[in-house]
Amino acid sequence: MPGVRKGLKNSSHDALKGFIELLKYVVGSVGVASSTRHVQMFHGDLHHFISEDPELDVFANIIHIQTHRRQRAFHRLKVVLLDKTTDRKDAPVFTPASLIHVLLPVAFHHISSPDFMVRPEHKPLLEEAGNLIGAVCGHLSWSQYYAVVK
């Protein structure tokens with residue numbers, strides 16, 4: 001998993017797609033296994049975003065060729081993070097590991113990539129990525145938040 005985490009942070013867009021697909025496989029198989037469900041390294045908390053329906057599968061939409069599908073994936077993650085009604089038993093609870101090592105790098109990739117900054121039609125995607133970063137930061141401890149801002 002350290003290699004996947006590093007790949008999410010330091011990859012070209014094409015390589016990022018492969019790392020996200022690998023992460024989806026790990027989350028869907030190892031991350032939900034009863035013996036490893038609570039091991040933060042496998043990001044089992046993200047299994048709520050894997051779906052048989054390609055329209056609902058956040059992992060598939062984040063790497064989709066159509067930018068509006070990526071935007072929708074970021075929006076869905078943001079809405080879940082900002083949802084204050086956590087009394088539902090099926091509501092996902094994100095671990096700091098998933099916030100810091102998965103969600104932030106993927107959102108930062110879109111904001112910092114020159115491929116997305118130069119085209120005006122990518123502006124809504126960049127705005128949604130920024131909104132996701134804000135939502136993620138709202139769940140971090142002060143020291144973690146300070147490290148992001150630094």
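**View 1. Tyr 145, a partly exposed residue.** Tyr 145 has a relative accessibility of 32%, so this residue counts as partly exposed. The model shown here is predicted. Tyr 145 sits in helix H8, which covers residues 142-149. On the surface, Tyr 145 joins Trp 142, Tyr 146 and Val 149 in a nonpolar patch. Together the four residues offer about 470 Å² of accessible area.

**View 2. Val 148 and its contacts.** Val 148 also belongs to helix H8. Its relative accessible area is 25%. Val 148 is therefore partly exposed, since that class lies between the 20% limit for buried and the 50% limit for exposed. Which residues does Val 148 touch, not counting those up to four places away in sequence? They are Leu 104, Phe 108, Cys 137 and Leu 140. Ile 133 lies 15 residues from Val 148 along the chain. The C-alpha atoms of Val 148 and Ile 133 are 9.5 Å apart.

**View 3. Helix H7 and its buried residues.** H7 runs through residues 123-137, 15 residues in total. From first C-alpha to last, H7 reaches 21 Å, close to the 21 Å expected at 1.5 Å a residue. Its buried residues are Leu 125, Glu 128, Ala 129, Leu 132, Ile 133, Ala 135, Val 136 and Cys 137. These buried residues pack against four helices: H4 (67-82), H5 (96-112), H6 (114-117) and H8. Cys 137, buried in H7, is one of the residues that Val 148 touches.

**View 4. Helix H2 and its buried face.** H2 spans residues 13-29 and holds 17 residues. Its reach is 25 Å from first C-alpha to last, close to the 24 Å expected at 1.5 Å a residue. Buried in H2 are His 13, Leu 16, Ile 20, Leu 23, Val 26 and Val 27. Seen down the axis of H2, these residues fall within an arc of 125°, so they line one face of the helix. Asp 14 and Tyr 25 are exposed on the other side. The buried residues of H2 pack against H1 (2-9), H3 (58-62), H4, H5 and H6.

**View 5. The chain as a whole.** The chain contains 8 helices and 0 strands. How much of the chain counts as buried? Of its 150 residues, 40% do. Among contacts with a separation of 6 or more, 57% come from residues 24 or more positions apart. The accessible surface of the chain is about 8400 Å². Carbon and sulfur atoms account for 59% of that surface.

Notes. Residues are numbered from 1 along each chain as its sequence is written. This is a predicted model: local features need pLDDT of at least 70, side-chain atom pairs count only at pLDDT 80 or more; totals for chains, interfaces and linings use all residues. Side-chain values use heavy atoms; hydrogens and water are left out. Patches are made of residues with over 30% relative accessible area and no salt bridge: like charges are joined within 9 Å, nonpolar side chains (Val, Leu, Ile, Met, Phe, Trp, Tyr) within 5 Å. Accessible areas come from the Shrake-Rupley method with a 1.4 Å probe; for residues, only the protein chains shown count as cover. A salt bridge is a side-chain nitrogen of Lys or Arg within 4 Å of a carboxyl oxygen of Asp or Glu. Helices (H or I, at least four residues) and strands (E, at least two) are DSSP runs, numbered from the N terminus. Buried means under 20% relative accessible area, exposed over 50%, partly exposed in between (1.4 Å probe, protein chains only). Contact means heavy atoms within 4.5 Å. The expected span of a helix is 1.5 Å times one less than its number of residues. The arc is that of the directions from the helix axis to the C-beta atoms.
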